[in-house]
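Q: Please take a close look at one side chain and its surroundings. Then move on to a pocket.

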Amino acid sequence: MDNLGNLLDGFANVVTPMNLLIALLGVTIGTAVGVLPGIGPAMTVALLLPVTYGMEPTQAFIMFAGIFYGGMYGGSTTSILLNTPGESSSVVTAIEGNKMAKAGRAAQALATAAIGSFVAGTIATLLLVVVTPPVVQFAISLGAPDYFALMLLSFVAVTAVLGASRVRGFASLLLGLVIGTIGIDAVSGQQRLTLGIPQLADGIDVVVVAVGIFAVGEALWIAAHLRRRAAEVIPVGRPWMGREDWKRSWKPWLRGTAYGFPFGALPAGGAEIPTFLSYATEKKLTKHPEEFGRGAIEGVAGPEAANNASAAGTLVPMLAIGLPTNATAAVMLAAFQQYGIQPGPLLFERESGLVWTLIASLFVGNLLLLVLNLPLAPAWARLLRIPRPYLYAGILFFASMGAYAVNASPFDLFLLLTLGLLGFGMRRFGLPILPLIVGVILGPRAELQGRRALQLSGGELHGLLGGWVSWTIYAVVLVVLLWPVLGRFVVRGVRERLVTR
């Protein structure tokens, strides 16, 4: 009942005229930027993070919630219309959605994606209200060794499941850990990796890192592959679903939600796995198997619901433990840090009003997005007609403004360009970006918890083991690291048995 009362207080904070206007502005900007080609939710949030500067925290996070969900909605539009997923979790939506668009059913594809996102977002946010407080109570009981083990699991998980290979994932993580260690050591007071540059003594702000890697890196990558001909835009008409479309969509919405939320709440669970599982499930259960591969509406409804439910699920570990499980959550964690707020077990006690207002604003933003996206889908399609040179010139302008606003230092512009070149190089060689962002944010915190654990044990390594929680996590880490080797032996054994038979 306390949670319900806190949630109602959060709604009371949100439904003031000014805050509703801010929420509407957030969802509009988030959707408008997210609908542009090549820009996913993580990049949307990173690019618009400086928009919240100068606001009081409550209003900033109301806008941020709108930007967060708006970017998720916008990504489905580009996947359907242009077959250009903003991120890997939108790939499955593009498989059937773009086929529907080419068949003249773009309106129905956009509608089922928007309504499915609303249904999944609402249910997942309700689960967020129920699940997060118990997770907080559990997190309070953890000690320094347990937190160190959790962060180690996050490092291993994000590098093991992303990218073309584990080597590239760990290389990206190493880059992030190196960037995270730049600055003055909090214990010894010694400068680390500053190269004698005074501006690096305080470290590199995570906002500059996120905007440089995501926005500038993507802009440079697109510029290197820019085509002279503008992307073809398919007219969408009025988004409307017939009775048969509703009948074929509502079950995939619910099944997609059931897949998405648990995976989003797991460390590095991500949205890729549940979207593929949802697509495979709908393909198996459908009564119209001949339409799959040619534009089946179930193939849009289920994965898009899973994608948005996973997005809400990522807020559980981020708010309760302070662990981001995807790139968007990592950038949101940076938003908390820019206000001096540290997500974790004590967040619900120290900033209870802010947290419940944020959760309530997710409900409000989700509803506003449904009302906004259904009638304005043709307008979002017309935004795609902007010539890409002008589009990415604007992105670089706003990215530079945002980076300069962090510390009002011209040196940050140099850092922004350097990090943008790094992001370009990572895209060129197939290095995933999420491990780098997680390394920058969690690296210093993992170092802090590891040092605390070693100090409590007098420098003995057994101090990192802690209780049953850390033992369990280390066992999971070993399984994740050794699974390719174990899987190879299992497959080889099965093959030998088949041959002998």
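A: **Arginine 427 and the second largest pocket**

A polar atom of the arginine 427 side chain lies 3.0 Å from the backbone oxygen of isoleucine 213. This is a predicted model: local features need pLDDT of at least 70, side-chain atom pairs count only at pLDDT 80 or more, and totals for chains, interfaces and linings use all residues. Residues are numbered from 1 along each chain as its sequence is written, and side-chain values use heavy atoms, with hydrogens and water left out.

Along the chain, arginine 427 and isoleucine 213 are 214 residues apart; their C-alpha atoms are separated by 9.8 Å. Arginine 427 sits in helix α18, residues 410-428 (helices are DSSP runs of H or I, at least four residues; strands are E runs, at least two; both are numbered from the N terminus). Arginine 427 counts as buried because its relative accessibility is 18% (buried means under 20% relative accessible area, exposed over 50%, partly exposed in between, with a 1.4 Å probe and protein chains only). Leaving out residues up to four places away in sequence, arginine 427 touches Ile213, Phe214, Gly217, Glu218, Trp221 and Ile433 (contact means heavy atoms within 4.5 Å).

Now the pocket. The second largest pocket has a volume of about 690 Å³ (the space filled by probe spheres set on grid points, which are joined across faces, edges and corners). Helix α18 is among the elements that give two or more residues to its lining. A pocket is an open set of points on a 1 Å grid over the protein atoms alone, where a 1.4 Å probe fits, with protein on both sides within 12 Å along at least five of seven lines; lining residues have an atom within 4 Å of a point. The largest share of this lining, 8 residues, comes from α19.

Methods: A polar contact is a pair of N or O atoms within 3.5 Å; within protein, one must be able to donate a hydrogen and the other to accept it, and residues adjacent in sequence count only if both atoms are side-chain atoms.
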